[in-house]
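I opened the notebook to record a few look-ups in a single structure. The entries follow the order in which I worked.

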Amino acid sequence: MRILIAAASRHGSTAEIASHIATALRGALPSDSVDVVAAAEATDVTSYDALVLGSAVYMGRWLEEARSAAARITSNPPRSVWLFSSGPIGDPPKPTEAPAEVSDIVTSVNARDHRVFAGSLDRHRLGLAEKAMVMALRVADGDFRDWSEIDAWAGQIASELRQPVAGKPSGT
């Protein structure tokens with residue numbers, strides 16, 4: 001089985017989540033191939049059996065690279081697709097709302113699941129507009145990602161991938 005993990009990340013936090021998911025899947029599915037790319041590089045996914053597509057969330061929306069990747073795969077998605085969003089920050093994480101267009105993307109790619117993971121914030125890596133937004137939200141710097149939650153979700157994906165698809169043996 002071939003699995004693609006693609007993520008759109010502005011400052012690297014979401015890319016780190018994608019890499020972490022890939023490592024967890026490689027550990028749980030050692031005979032399978034797991035590739036990790038930037039969402040902009042996910043141009044042809046037809047050779048993959050499964051796709052995990054993620055994006056950082058800014059201003060309540062996925063990054064353009066992830067939205068474009070989702071649009072490209074809409075006509076011919078792999079048989080198994082999972083989505084994740086990264087971005088809420090703080091304790092408790094804010095904002096609490098799901099990204100605006102994700103429910104439409106879930107439907108268009110027939111995703112099995114969508115998860116929202118907390119993100120990471122380092123003001124030194126932000127542009128001026130991003131710093132203004134963070135100040136308005138009154139959020140402290142920090143890494144708010146819950147790696148055990150991410151591991152659990154990757155384990156769920158691995159478990160689902162081991163299950164046979166109707167009419168096909170598992171792993172094919």
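These entries cover a strand and its partners, one residue beside them, the salt bridges and a surface patch. I note at the outset that the model is predicted.

**Entry 1: strand 3 and its partners**

I began with strand 3, which spans residues 50–58. How many of its 9 residues are buried? I found 8 of them buried, and I logged the strand as mostly covered.

I then went through its pairings. Strand 1 (residues 2–8) runs parallel to strand 3, and 6 bridges join the two. As one contact point I noted alanine 8, whose bridge partner in strand 3 is serine 55. Strand 5 (residues 80–86) also pairs with strand 3 in the parallel sense, over 7 bridges. Here leucine 53 has leucine 83 of strand 5 as its bridge partner.

The pairing with strand 4 (residues 61–62) is antiparallel and has 2 bridges. I looked up which residue of strand 4 stands opposite tyrosine 58, and it is arginine 61. Strands 3 and 4 make a hairpin, with 2 residues between them. In that turn, methionine 59 has a positive phi of about 55 degrees.

**Entry 2: serine 85**

I picked serine 85, which sits in strand 5. Is serine 85 buried or exposed? Its relative accessible area is 1%, so I logged it as buried. I then listed its contacts, leaving aside neighbours within four places in sequence. Among them are Ser55 and Val57, which fall within the residue range of strand 3. The list also includes Trp62, Pro99, Val102 and His114, and it goes on with Arg115, Val116 and Phe117.

**Entry 3: salt bridges**

I counted 7 salt bridges and looked at some of them one by one.

Glutamate 16 and arginine 145 meet through their side chains at 2.6 Å, N to O. Glutamate 16 is in helix 1 (residues 13–28), while arginine 145 is in the loop between strand 8 (142–143) and helix 5 (147–162), so this pair ties together parts that are 129 residues apart in sequence. I checked the cover on each partner. Arginine 145 is buried at 10% relative accessibility, whereas glutamate 16 is partly exposed at 43%. I also noted that Glu16 and Arg145 belong to a salt-bridge network together with Asp143.

Glutamate 64 and arginine 67 form another salt bridge, with their closest N and O atoms 2.6 Å apart. Why are these two about one helical turn apart? They are separated by that much because they lie 3 residues apart in helix 2 (residues 64–73). I logged glutamate 64 as partly exposed, at 44% relative accessibility.

The third pair I looked up is arginine 115 with aspartate 113, where the closest N and O atoms are 3.0 Å apart. Aspartate 113 is buried, with a relative accessible area of 17%, and arginine 115 is partly exposed at 26%. Arg115 had already come up as a contact of serine 85.

**Entry 4: a nonpolar patch**

Which residues form the nonpolar patch on the surface? I found Met59, Met133 and Leu137, with about 300 Å² of accessible area together. Met59 is the turn residue of the hairpin in Entry 1. Methionine 133 is placed in helix 4 (residues 128–137). At 33% relative accessibility, I logged methionine 133 as partly exposed.

How values were computed. Residues numbered from 1 in each chain as written. Predicted model: local features only at pLDDT ≥ 70, side-chain atom pairs only at ≥ 80, totals over all residues. Heavy atoms only, no water. Patch = residues over 30% accessible without salt bridge, like charges linked within 9 Å, V, L, I, M, F, W, Y side chains within 5 Å. Areas by Shrake-Rupley, 256 points an atom, 1.4 Å probe, with all protein chains shown as cover. Salt bridge = Lys/Arg side-chain N within 4 Å of Asp/Glu carboxyl O. Helix = DSSP H or I, 4+ residues; strand = E, 2+ residues; numbered from the N terminus. Buried < 20%, exposed > 50% of the residue type's maximum accessible area, 1.4 Å probe, protein only. Pairing = 2+ DSSP bridges. Contact = heavy atoms within 4.5 Å.
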